[in-house]
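Please read the following numbered notes alongside the coordinates. They go through burial, backbone, ring contacts and charge pairs in turn.

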Amino acid sequence: KTVSMEEIVYTICHEMKHVEQLMQKRLVYKDGKSLWLGEDHTATEYHNRPWEKEAYYFERIAEDMLTLRAA
């Protein structure tokens with residue numbers, strides 16, 4: 001499958017946001033649980049997880065930067 005450069009950039013930005021969250025210990029995986037700022041979100045649906053919302057927002061920032069760069 002061919003992946004566009006934009007998709008690669010968005011994915012890298014998204015995943016690097018998770019790296020940041022983990023390093024800052026805002027996101028913690030412990031004993032089979034997903035903790036965000038100490039609160040258990042294991043049962044939270046994927047798109048409602050706070051760390052995913054933040055990572056997708058970061059993707060939009062990257063998109064804006066790419067758009068400005070192309071202009």
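1. On terms and provenance: a residue is called buried under 20% relative accessible area, exposed over 50%, and partly exposed in between, with a 1.4 Å probe and protein chains only. The model is a predicted one, in which local features need pLDDT of at least 70 and side-chain atom pairs count only at pLDDT 80 or more, while totals for chains, interfaces and linings use all residues. Residues are numbered from 1 along each chain as its sequence is written, and side-chain values use heavy atoms, with hydrogens and water left out. Helices (H or I, at least four residues) and strands (E, at least two) are DSSP runs, numbered from the N terminus.

2. On helix α1: this helix takes in residues 5-23, 19 residues in total, and the distance from its first C-alpha to its last is 27 Å, close to the 27 Å expected at 1.5 Å a residue. The expected span here is 1.5 Å times one less than the number of residues in the helix. Tyr10, Cys13, His14, Lys17, His18 and Gln21 are the buried residues to note in α1. They lie on the same side of α1 because they cover an arc of only 135° around the axis, the arc being that of the directions from the helix axis to the C-beta atoms. Met5 and Met23, on the other side of α1, are exposed.

3. On two backbone angles that merit a look: Lys25, just after α1, takes a positive phi of about 60°, and it is a residue other than glycine. Lys25 belongs to the loop between α1 and β1 (27-30), and its relative accessibility of 63% is why it counts as exposed. Asp31, also not a glycine, has a positive phi of about 50°; it is placed in the loop between β1 and β2 (33-36) and is exposed, with a relative accessible area of 71%.

4. On the hairpin: strands are taken as paired if DSSP finds at least two bridges between them, and β1 and β2, which run antiparallel, are joined by four bridges. Lys30 has Lys33 in β2 as its bridge partner. The two strands form a hairpin with two residues between them, and Asp31, with its positive phi, is in the turn.

5. On aromatic contacts: rings of Phe, Tyr and Trp (its six-membered ring) pair if their centres lie within 6.5 Å, with planes under 30 degrees apart counted as stacked, over 60 as edge-to-face and the rest as tilted. By this rule there are two aromatic pairs. Trp36 and Trp51 make up a tilted pair, at 6.2 Å centre to centre and 40° between the planes. This pair links distant parts of the chain, since Trp36 is in strand β2 and Trp51 in helix α2 (residues 50-70), 15 residues apart. Trp36 counts as buried at 10% relative accessibility, and Trp51 counts as buried at 1%. Tyr46 and Tyr56 have ring centres 6.3 Å apart and planes at 80°, so this pair is edge-to-face. Because Tyr46 lies in the loop between β3 (39-40) and α2 and Tyr56 in helix α2, the pair ties together parts ten residues apart in sequence.

6. On charges: a salt bridge is a side-chain nitrogen of Lys or Arg within 4 Å of a carboxyl oxygen of Asp or Glu, and by this rule the count is four. One of them joins Glu20 to Lys17, with the closest N and O atoms 2.6 Å apart; these residues are separated by about one helical turn, because they are three residues apart in α1. Glu20 is partly exposed at 31%, whereas Lys17 is buried at 13%. Another is formed by Glu54 and Arg26, whose closest N and O atoms are 3.0 Å apart. Glu54 lies in helix α2 and Arg26 in the loop between α1 and β1, so this bridge ties together parts that are 28 residues apart in sequence. Lys17, Glu20, Arg26 and Glu54 are linked in a network of salt bridges. The side chains of Asp40 and Lys33 also meet in a salt bridge, at 3.9 Å from N to O.

7. On a charge over a ring: the criterion is that NZ of Lys or CZ of Arg is within 6 Å of the ring centre and within 35 degrees of the ring normal. The charged end of Lys17 sits over the ring of Phe58 in this sense, 4.6 Å from its centre.
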